[in-house]
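Biologist: I am new to this one. Could you walk me through its charged side-chain pairs?

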Amino acid sequence: MSDLKERLLPPRPASAINLRGEAAASRPSASGRQPLLGVDVSGLKKRGQGLKSWIRVDTFANTQVIEVDKFSMMRRCDLPARDLRLLDPLFVYPSTILGRERAIVVNLEQIRCIITADEVVDSNELIRRRNNVFQNSSPDYLPFEFRALEIALEAACTFLDAQASELEIEAYPLLDELTSKISTLNLERVRRLKSRLVALTRRVQKVRDEIEQLMDDDGDMAEISNDGLSLSAPVSPVSSPPDSSRRLEKSLSIARSRHDSARSSESATENIEELEMLLEAYFVVIDSTLNKLTSLKEYIDDTEDFINIQLDNVRNQLIQFELLLTTATFVVAIFGVVAGIFGMNFEIDFFEKPGAFKWVLTITGVCGLLVFLAFLWFYKRRRLMPL
């Protein structure tokens, strides 16, 4: 029957089949939810893993590119998710140095890495380019995690100092040009320069405050210097019945444990001192960069004050000139008053005299000059105008 039906009826168009399939797909399920349309379900799991390339540098300066997801990195370094967000290049976070139980999280400018006791996991290639420092195998040198932290601090401080030097080279000629010629173009260039200076000063200040806070916080320094290693060895319990040999062994074990604990405490104290000296060295460097930027800001402020003084001087000169013009206008107005009086329609004998017009001009001019000189004397007495 079905074969006969297929032969007799015309074939169904493909568009109708597609529409029917889309309608069936868009039909709500038994739970009442609409199915997802246009979503590649097979790729959800792969995209949800969030694989990311990391550069791993071990204690022997061997580099390796690894691809792990966020959760594997969290388990690998025993870090919470919020610490890994600091290393994400998609987010902009201020400079931070965090000491955790098994790792050090460093986010300084372009340096974003995780430092452990035996490896450095970096999100860019900066640590790999500077891996010659890791090759120093001198016994008197710093531990591995301190060397890695020193590389991060050196790179951040060098980067900020280079930007500060570049800003200085650009700023001083521009400011000198502005003092010699005040124009809209020069003022706009100085405004942009000052905006860059404020942004760079904020970044340098943040790195300086982070290093200073780390130096002042003994707990963070202890976590960084210990790096997850216990300071004391555990004492094994004794469950056998006490006798002379067991007592002697227990006493030796306790003495050995105390000795190891004291030695670990001394080592931890030395590590803290080494870390403090390391931080102090780069604190001096970043503080010098901040002082350089502060001096540049003060120079810009002095230049702005000088320009304001020049503009005020020009403004005062314009006001004095306007005052002179106003006084001269008042004197000329006296001639207008005299002309208005003698221009009225009345007749007097004074109009018939031949030299009357000259006398009127002479007397009016002398009176106007006397009034003008009186105003100048008043301005000089009140110190309104340097005469």
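Modeller: Gladly. This is a predicted model. Start with Arg196 and Glu170, whose side chains meet in a salt bridge.

Biologist: How far apart are N and O in the salt bridge of Arg196 and Glu170?

Modeller: A salt bridge needs the nitrogen within 4 Å of a carboxyl oxygen. The side chains of Arg196 and Glu170 meet that way, and the N to O distance is 3.0 Å.

Biologist: Which helices does the pair Arg196 and Glu170 tie together?

Modeller: The two residues are 26 apart in sequence. Glu170 sits in residues 144–180 and Arg196 in residues 184–216, so the pair ties together helices H7 and H8.

Biologist: Is Glu170 buried, partly exposed or exposed?

Modeller: Buried means under 20% relative accessible area, and exposed means over 50%. Glu170 has 38%, so Glu170 is partly exposed.

Biologist: Lys297 and Asp301 also form a salt bridge. What separates them along helix H10?

Modeller: Their N to O distance is 3.4 Å. Both lie in helix H10, residues 244–342. They are four residues apart, so the separation is about one helical turn.

Biologist: Which residues are linked with Lys297 and Asp301 in a network of salt bridges?

Modeller: Lys297 and Asp301 bridge each other. The network also takes in two further names: Lys194 and Glu304.

Biologist: Asp312 forms a salt bridge too. Which residue is its partner?

Modeller: The closest N and O atoms are 2.5 Å apart. The partner is three residues from Asp312 in helix H10. At 44% relative accessible area, that partner is partly exposed. It is Arg315.

Biologist: How many salt bridges are found in the whole structure?

Modeller: The search covers the whole structure, and the total is 17.

Notes: Residues numbered from 1 in each chain as written. Predicted model: local features only at pLDDT ≥ 70, side-chain atom pairs only at ≥ 80, totals over all residues. Heavy atoms only, no water. Buried < 20%, exposed > 50% of the residue type's maximum accessible area, 1.4 Å probe, protein only.
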